[in-house]
Amino acid sequence: GNLPLTFHVSRFTPPLPVYPSPMFPTRPATLADVPAIHDLMLAVEQADGIPGWAGALADRQNEFGKDTWMNPAEDTRLIFGPDGQLLGTAAVYMNPEQGDAPAPAHAFLEWAAHPAARGQGLEEELLDWCEQRARQRLTALPGERPLGLRDHCSDHITERVAFYERHGYRPIRYYYRMRRDLSQPIPDIALPEGLTLRTYTPEWEEPLRLAFNDTFADHWGFEPATAEDWRVFFTEHSGFRPDLTFLVMDGEQMAGYSRNLVNVEQNEREGLRQGLIGQLGVRRAHRKRGLASALLCFSMRAFAAEGLDYATLSVDTENLTGALAIYERVGFLPVRRYVAFEKPVK
């Protein structure tokens, strides 16, 4: 069911004219289109009550054309109205470094219809384009292997959930967005003997990437980050805070980490002062020793010292390391649930 929310967003969007079928002109996206795409995403964020979904314009501009999973000329599509207004955007992403067959392969879909132009066939146009392009990319892979399409949404958007189910998608995983009030007491959890804490500095970029790939290797659906992807999406992210990112060291080896962010633009839109624990990981040899709890508490205290009111994070509800229980023990509560969908490619 839906989870209780602590914010309110207006769902009113002025209607656009009814557009006849077939839809109006389409073309691939270019860097010059990114501001209009961001505006469309903001309209969706407000209409559907999913704060932060649009991300930051600076990040979308920085990532465009650098994303190794997507070629804008082939893997994006924009749909416009007769007045030139952007009505819909679609993109298909796929890891370019797929394993050998018979390892499964998946393509990830991202599409959005302007809220005021919904219900006129636009959603079907966008999803159909995504599926066709995804099938082209997947079926070009060598060897016989299971192929699938994946997408996700907040489960409170019941219309979108029903839309996916009507088009052959099934829920395969659930995720919580969790929040912790920093005005409540934060436990003082010490590191195990022999381990030390340090903040991130640039020379730790590659060791942190390797630690990230190592700690998440056994997680469902994980795709390793290349050095280029790590730079573009992690260290160049506008919200990344090196001074609030913590590494737990066992001598010269990284035992665990908490990569933290403060998304200023999102905070302003949401009206909350919050820090984000973007990735938290502990290497296998150091698990079950309290490192994750200690890192959470170090991060929360740093957020509070920064003048922030909340800490947030996301978690797979079926995480095999027991992350959900760890987060709950230090005071995190769910504020949103997301569902991941999959559709097999025949």
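How many helices and strands are there in the protein? There are 10 helices and 12 strands. The model on screen is predicted.

**Whole protein**

Start with everything displayed. The radius of gyration is 21 Å, close to the 20 Å that the globule rule gives for 346 residues, so the protein is as compact as a globular protein of that length. Along the principal axes, the C-alpha atoms fill a box of roughly 70 × 50 × 40 Å. Of the 346 residues, 50% are buried. Turn on a surface next: about 16100 Å² is exposed, and carbon and sulfur atoms supply 55% of that area. If you colour by charge, the 36 positive and 47 negative charges have mean positions 3 Å apart. Contacts can be viewed by sequence separation too: among those between residues at least 6 apart, 74% join residues at least 24 apart.

**The sheet**

Now select the strands. They include an open sheet of 12 strands with mixed pairing, in the order 1-2-3-4-5-12-6-11-10-9-8-7. Strand 1 (26-27) and strand 7 (196-199) stand at the edges with a single partner strand each, so one side of each has no neighbour in the sheet.

Move to strand 12, residues 333-344. Which strands can be shown beside strand 12? In the order of the sheet, strand 12 sits between strand 5 and strand 6. Strand 5 (residues 147-154) pairs with strand 12 in the antiparallel sense over 7 bridges. To see one of these pairs, pick Ser154, whose bridge partner in strand 12 is Tyr338. On the other flank, strand 6 (residues 170-181) is also antiparallel to strand 12, over 9 bridges. Here, pick Arg173, which stands opposite Ala340 in strand 12.

Next, select strand 9 (residues 253-261) and strand 10 (residues 274-282), which run antiparallel and are joined by 6 bridges. Ser258 has Leu280 of strand 10 as its bridge partner.

**Leu261 and helix 7**

Stay on strand 9 and centre on Leu261, which lies in this strand. Is Leu261 buried or exposed? Its relative accessibility is 3%, under the 20% cut-off, so Leu261 counts as buried. Beyond its neighbours within four places in sequence, Leu261 is in contact with His237, Gly239, Phe240, Arg241, Gly275, Leu276, Gly278 and Phe303. For a distance check, add Gly307: Leu261 and Gly307 are 46 residues apart in sequence and 14 Å apart in space, C-alpha to C-alpha.

Then select helix 7, residues 227-235. Its buried residues are Asp229, Trp230, Val232 and Phe234. Show what surrounds them: these buried residues pack against helix 2 (57-63), helix 6 (205-215), strand 9 and strand 10.

**Two backbone details**

The last stops concern the backbone. Most residues other than glycine have a negative phi, and most peptide bonds are trans.

Select Ala101 and Pro102, which are joined by a cis peptide bond with omega of about 10°. Pro102 is in the loop between strand 3 (86-93) and strand 4 (105-113).

Finally, go to Lys288, in the loop between strand 10 and helix 9 (291-305). Lys288 has a positive phi of about 70° although it is not a glycine. With 79% relative accessibility, over the 50% cut-off, Lys288 counts as exposed.

Key. Residues are numbered from 1 along each chain as its sequence is written. This is a predicted model: local features need pLDDT of at least 70, side-chain atom pairs count only at pLDDT 80 or more; totals for chains, interfaces and linings use all residues. Side-chain values use heavy atoms; hydrogens and water are left out. Helices (H or I, at least four residues) and strands (E, at least two) are DSSP runs, numbered from the N terminus. The radius of gyration is taken over C-alpha atoms; the globule rule is 2.2 Å times the number of residues to the power 0.38. Buried means under 20% relative accessible area, exposed over 50%, partly exposed in between (1.4 Å probe, protein chains only). Contact means heavy atoms within 4.5 Å. Accessible areas come from the Shrake-Rupley method with a 1.4 Å probe; for residues, only the protein chains shown count as cover. Lys and Arg count as positive and Asp and Glu as negative; His and the chain ends are not counted. The place of a charge is taken as NZ of Lys, CZ of Arg, CG of Asp or CD of Glu. Two strands pair if DSSP finds at least two bridges between them.
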